[in-house]
Amino acid sequence: MKLSRLITDCPGIRSAEDTAARLNDPDILGVESDSRRIKPGMIFIAVKGAQADGHAFIDQALKQGAAAVIAQENPTRADKVIRVDDSRACMAVIAANFYGHPSREMILVGITGTNGKTTVTWLLESILSAAGHSCGVIGTVNIRFNHQTLDNPMTTPDAIRLQENLHRMKQAGVTHVVMEVSSHGLDLNRVDACCFDVGVFTNLSQDHLDYHPDMTEYFECKKRLFTRFLSPASPQIQRPEKGYAVINIDDPRGASLFDSIEYDRLGISTRQPADIVSQHISDDINGLSGTICLPDGSFDFCSELTGRFNLENILCAAGAASALGVPARAIKQGISACRTIPGRLEKIPNTLDRHLFVDFAHTPDALESILTALKSRAPKRLITVFGCGGDRDRRKRPLMGESAARLSNIAIVTSDNPRTENPDDIITDILEGMKDFSKLSRDEPHSDPFKKGFLVEPDRKKAIETAVAVSKPGDTIIVAGKGHETYQITNDGTIHFDDGEELAAAAQAMAERFTPMDWDINDLSAALGMEPVFSTLPKETRFSTIVTDSRTIKNNQVFLALKGERFDGHTFVQDLLKQGIKGFVVEKGFFTGQENSFTRDAVQSDLIIFEAADTLTALGQLARYQRLRSKVKLVAITGSSGKTTTRRLTQEIFSTRYHTHATAKNYNNEIGVPLTLLNLSAAHEWAVIEMGMNHAGEISRLSRMARPDITVITNTAAVHLEGLGTVENVARAKAEIFDGIHPAGTAVLNARDGRRAILEQAARSNKNVGNILFFGSGPDATVTADHIITKDGKTAFTVCTDRFEYPVLVDSPARFMVDNCLAAVAAAQTAGIDPASVQAGITAFQPESGRMRISSPADGIHLMDDTYNANPASVSQALTTLVSLSNGNQSIAVLGDMLELGKDSESLHYQIGQQAARDKIDRLFLFGSLVKEMEKGAVDSGFPADRILWADKDRIVQSLIRSIRPGTWILVKGSRGMAMETVINRLKQEIRPGVRGEDEKNRIN
């Protein structure tokens, strides 16, 4: 390109043509502002920078063959220097001319603001890609387009690199470019000559005051994107069409900017009327969901991003997409597909049951925002690791220290990018803001986990490791300040350091402490009480664990072949041998009793084989051995109803203080309990084990295997009567939990259980039961509740013990949940757990799907999902809860058969129908065969027959849809075998949030 064309429109040049003619108008082969990159035929632009002045390198550039130099000064009076008033401003124009003004032929969106720019670019990229556009991004994390990723040392590149990359994008077929526009980029003319179609303003808070003299000037700089590059009235506008502004009016500066704009604009808000708003927002540690309303319709969305500030970012991205005419379906799809943003509240996967995040927050407002968001959503404690950068605005350091100490349970002050400053000096500045908070000793986070305060650890790696080491299950850890950065800048230079990598590594190291204890051959023999029938392995051979699932086994594990009515693990042994499995526990005679291909292959292999009379018994023996050698203490929980909920409450409470292992899923039977115990490690301190049964003797075997220190029986009721006959026999079977109790163990019993006498007599007759605690109501109850209040889907009450009284809040509206909490409290009190830990554990509890989980799929319509199982006691409790919550609004019960009730099944179903009539339930929908007796009991007790529908699930759902109205409460419950959750799922699909009726046509689904 000729020099005369290149410098056309450059500010500060009297005549580009005359100036070029003076230099014989050479062809320019490249544009550079770094003299080290100059090659013959290029033009060198001398710019005064913060660290160096390009004017000092003019002669060097000319010696390297520069065809011309653009400069504000000519200190050596060189011949090829073209003087201008502002070389930065000229650089932007020259770069755009050289690369052919690529932004004029693409859609360009500029995102500015203090926080959220990067997140908005990732969201908008995802949305534009979902709409079928080829998208490029220029931002803090990197520059990316067409499956290429380039490093970007600054948020907004200098004008030459910017235009060069825009040109590359255009050549690659990119149609839409999303760019972060920093205040530096605006002030230093980096985006001059760019043709913007949409500008987005996210927010403004204190930052870069080491560069800008004050917040007013900082805002005025940000404002230039909208006044200089988008306004049709601006003399700087470089495009024939007018631009579009998308502005967050929840930010005060954004509201001011919005009011000042006279061209096309869209306001976004999460809390006031605006062009783009959110409704029905659900926001927890796992993400956001709700409804986004655009000018031309609305749609439901779901995002793995969390926090109110991310809701603002989502709306900003949706607003920009809407301004570009992107269909709402693509906006919805793009939001859902954008699962994480590097360094922006980025979730770090782990197996520790911790919520781990890294974030770029390096300003007081950004840190305040993320900590406020996490604090309100963290199930348990919030632990923050942060520091402040060196050679930057010192005024923000104590502000960040105060925010971190105030909003965190534990704040760990560390180094960030100290640059040329002494890290200790930076930390001293931070600590000025933390004077009103306690400095913790190294032991206090372990000995007194709910004591609020801060630690100081200058080594960032050690600070992250400390955060993980002091954490417990359910805790949230945020490492703030560096986010996506993969380096740390120190006095000694730049080193590799990635917060995400370090946090993941620390979590992995912690997780490895909880790896199940491994097994040598002596361990296996001691546990099984026998020697192997065949072994060619060295005595020092070790196995990682025992497994019963041939599909997931690894070479260093022992396979135990279980045999049941519908399966036989022995059929997989031959294939496992071929896969290289070296350890087997099989039934007696499988190896030694006959000559077969397995025995022929085995004698030629390195392996060990044990034969047991019964492999299920062998599994229990191995589990008991593991439980005893782990030296954990153990809580065993059983009951006719509420045992899973009580187990989860107990687990939440215990894990606030101890490294706790617990029953997973429904592993509460003769296979599940031993598999749970086999996963114990030497690092675990307590185990919480749920025990179920359907016949006499089962709980006894489980108790002798688990050897509990504390036993809990939630209640006894009419369940499993087919195998047990009477409710009294149910109580006797539950009382078997005392059979294996450790000496001086504690029994926790329901004070008002109908079979209390049977349970108490069994406990008192066992010499190893050293103490009995009663919970619930009753004159001799040790753990009771007072001031019970249900509001907003939660239940608040006061726990009263012989030593303490304190309030708790459980995430359930069901009054029967109080008894489950009290049972867990009694176990915790026995273990010496303090009230603060109890409170935290109960607050962290969330009901599982199918266990009185309440959702509101539409305004004023509430679903009570209690579909996990059903017996007469639990159905009765659920109906009582339904009546209480509906509070005079329409109440509907959808009930399935209660199974395994034996000879009393008809009368028990009949009694539930009677209760439905007494409780004045508005409508009954019944599914199954046994529920016919419910219908009879209801009608006989005065329930209108025309308000009962006994039908299949399809008819029930369709009739329900016609029956519901705002304010309706719907309970769905039935035994596990009835799969009543399918009704819940259908209802959630059919009942959608937002407007209904005529407005439904405006919905986007």
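In this predicted model, helices H13 and H14 cross in a right-handed sense. H13 spans residues 396-407 and H14 residues 423-431, and the two pack with their axes 6 Å apart at an angle of about 60°. That angle makes H13 oblique to H14, because it lies outside the 65 to 115 degrees that count as roughly perpendicular and is not under 35 degrees, the limit for roughly parallel. On the H13 side, the contact is made by Arg397, Pro398 and Gly401, which meet Ile426, Asp429 and Ile430 of H14. By character, the residues of this contact comprise three nonpolar, one polar and two charged.

Turning to the interior, the largest nonpolar core holds 86 residues. Within this core, the residues that touch the most other members are Leu622, Leu677, Phe738, Leu895 and Leu924. Helix H30, covering residues 872-886, is the element that gives the most to the core, contributing five residues. A second core, separate from this one, is made up of 40 residues, among them Trp122, Val137, Cys316 and Ala320. In soluble globular proteins, nonpolar side chains tend to be buried together.

Leu677 rewards a closer look. Beyond its neighbours within four places in sequence, Leu677 is in contact with Ala623, Gln626, Arg627, Leu634, Ile689, Met705 and Ala706.

At the start of the chain numbering, helix H1 (residues 3-6) includes Ser4. Ser4 has a relative accessibility of 16% and therefore counts as buried, the cut-off being under 20%. Setting aside residues up to four places away in sequence, Ser4 touches Ala16, Ala20 and Asp25.

Key
Residues are numbered from 1 along each chain as its sequence is written. This is a predicted model: local features need pLDDT of at least 70, side-chain atom pairs count only at pLDDT 80 or more; totals for chains, interfaces and linings use all residues. Side-chain values use heavy atoms; hydrogens and water are left out. A nonpolar core is a set of buried Ala, Val, Leu, Ile, Met, Phe, Trp, Tyr and Cys residues joined through side-chain atoms within 4.5 Å. Buried means under 20% relative accessible area, exposed over 50%, partly exposed in between (1.4 Å probe, protein chains only). Helices (H or I, at least four residues) and strands (E, at least two) are DSSP runs, numbered from the N terminus. Contact means heavy atoms within 4.5 Å. Axes are lines fitted to C-alpha atoms, for helices over the stretch in contact, and angles run from 0 to 180 degrees between N-to-C directions. Angles under 35 degrees count as roughly parallel, over 145 as roughly antiparallel, 65 to 115 as roughly perpendicular and the rest as oblique. A crossing is left-handed if the near helix is turned anticlockwise from the far one by less than a right angle, and right-handed if clockwise. Ala, Val, Leu, Ile, Met, Phe, Trp, Tyr, Cys and Pro count as nonpolar, Asp, Glu, Lys and Arg as charged, and the others, Gly among them, as polar.
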